[in-house]
Amino acid sequence: MIVLEHGAWADASSWSSVISRLQLLGFTVYAPPNPLRGLPQDSDYLHQFLTQNPALQRQPVILVAHSYGGAVITSAAVGAPEVRALVYVDAFIPDQGDTVASLLSGSCLAGNPADLFNIVPIPGAPGDLDLYLKPSVVPGCFANGLRASRAAVIAATQRPLAASALAATFGPPAWKTIPSWAVIGTEDHVIPAASQTFMAKRAGAHITDVDAGHLSLISDPSVVTRVILEAVQATG
């Protein structure tokens, strides 16, 4: 069983090419929505999906995440006994005490928020804000390496991330007890390769580098699929 978690400014369709490849190989795949409402909320949502969904009971699960989704699975997989492996794709791999913001050093998203985001208040959540990437930021930052037309679609269809997600502090990480793999885009501008490599080595992850930007799940789905299969075979 493969469960795929998307990241910020995206939805489950970002996994489409990977899903197609896995399904052709006979795997059952789920790509539940990531609410993007904050780390505790998003992690709780995925944890409930993993532990309460009858379709996933007594089935070994390979849990895969992109970008901010890596932060989510690192919390959500704690206490989820069916999760056998974690696969991080251009993703945050936090340790206890980290925040997403603290892991953004060198990122193209580490500048003045007013220059990077269209910021909208969240109804019913006083003090929190929705962050939308400015369309001008998407091609060279979030979607570097993709065609301009594809980047424009991503900018138009993005789902916002709640600003509070950047400041939440992580508890004990699931990778302390669950083996992990990491696909690292060497041209990633959102989470620079050096940062990803540091996090992956800290987690003891099996590392695969790919000549890609932040969206290797779109630009290089065959590589991402291959690493997922490695995790399946190793934990199997």
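In this predicted model, Ile-2 stands opposite Val-29 in strand 2. The pairing of strand 1 with strand 2 is parallel and runs over 2 bridges. Both strands belong to an open sheet of 6 strands, with parallel pairing and the order 2-1-3-4-8-9. Strand 2 (29–30) and strand 9 form the edges of this sheet, each pairing on one side only. In general, strands of a sheet pair through backbone hydrogen bonds, either parallel or antiparallel.

At the strand 9 edge, strand 8 (residues 180–185) and strand 9 (residues 206–210) run parallel and are joined by 5 bridges. Within this pair, Ile-184 stands opposite Asp-209. The chain passes from strand 8 to strand 9 through helix 7 (residues 193–202), and the resulting β-α-β crossover is right-handed.

Two helices can be placed against the 6-stranded sheet. Helix 2 (residues 39–52) lies across strand 1, strand 2, strand 3 and strand 4 (83–89). The direction of helix 2 is at about 170° to strand 1. Helix 7 also packs on the sheet, where it touches strand 8 and strand 9. Its direction makes about 170° with that of strand 8.

Helix 2 has 14 residues, which should span 20 Å at 1.5 Å a residue. Its end C-alpha atoms are 19 Å apart, so the model agrees with the expected span. The buried residues of this helix are Leu-39, Asp-42, Ser-43, Leu-46, His-47, Phe-49, Leu-50 and Thr-51. Their cover includes strand 1, strand 2, strand 3, helix 3 and strand 4. In an α-helix there are 3.6 residues a turn, so residues three or four places apart point the same way.

Helix 9 (residues 221–235) was examined in the same way. Its 15 residues should span 21 Å at 1.5 Å a residue, and the end C-alpha atoms are 21 Å apart, which agrees. Buried residues in helix 9 are Pro-221, Val-223, Val-224, Thr-225, Val-227, Ile-228 and Ala-231.

Ile-228 is also prominent in the nonpolar core. The largest such core holds 83 residues, of which Tyr-68, Leu-86 and Ile-228 touch the most other members. Strand 4 gives the most to this core, with 6 residues. Beyond its neighbours within four places in sequence, Tyr-68 contacts residues that include Gly-7, Ala-8, Asn-34, Leu-36, Phe-92, Val-100 and Leu-161. The contacts of Tyr-68 also include Leu-39 and Asp-42, two of the buried residues of helix 2. In soluble globular proteins, nonpolar side chains tend to be buried together.

Helix 7 contributes a buried residue too. Ala-200 is found in this helix. It counts as buried because its relative accessible area is 0%, against a limit of 20%. Outside four places in sequence, Ala-200 is in contact with Ile-93, Ala-182, Ile-184, Ala-205 and Ile-207. Ala-200 and Ala-162 are 38 residues apart in sequence, and their C-alpha atoms are 25 Å apart.

The loop between strand 8 and helix 7 holds Ile-191. This residue is buried as well, with a relative accessible area of 0%. Setting aside neighbours within four places, Ile-191 contacts Ser-67, Asp-90, Ala-91, Phe-92, Gln-196, Met-199 and His-214. Leu-109 is 82 residues away from Ile-191 along the chain, yet their C-alpha atoms are separated by 8.9 Å.

Ser-67, one of the contacts of Ile-191, has a positive phi near 55°. Ser-67 lies in the loop between strand 3 (61–66) and helix 3 (68–76). Its relative accessibility is 4%, so it counts as buried. Trp-9 likewise has a positive phi, near 60°. This residue lies in the loop between strand 1 (2–5) and helix 1 (16–24). Trp-9 counts as buried because its relative accessibility is 7%. Most residues other than glycine have a negative phi.

A further open sheet contains 3 strands in the order 5-6-7, with antiparallel pairing. Strand 5 (117–121) and strand 7 (161–162) are its edge strands, each pairing on one side only. Strand 6 (residues 129–133) and strand 7 pair over 2 bridges in the antiparallel sense. Across this pair, Leu-131 has Leu-161 as its bridge partner in strand 7. Leu-161 is also one of the contacts of Tyr-68.

Note on methods. Residues numbered from 1 in each chain as written. Predicted model: local features only at pLDDT ≥ 70, side-chain atom pairs only at ≥ 80, totals over all residues. Heavy atoms only, no water. Pairing = 2+ DSSP bridges. Helix = DSSP H or I, 4+ residues; strand = E, 2+ residues; numbered from the N terminus. Right-handed = clockwise from strand over helix to strand, strands pointing away. Buried < 20%, exposed > 50% of the residue type's maximum accessible area, 1.4 Å probe, protein only. Expected span 1.5 Å × (residues − 1). Contact = heavy atoms within 4.5 Å. Axes fitted to C-alpha atoms, helices over the stretch in contact; angles between N-to-C directions. Core = buried A, V, L, I, M, F, W, Y, C linked by side-chain atoms within 4.5 Å.
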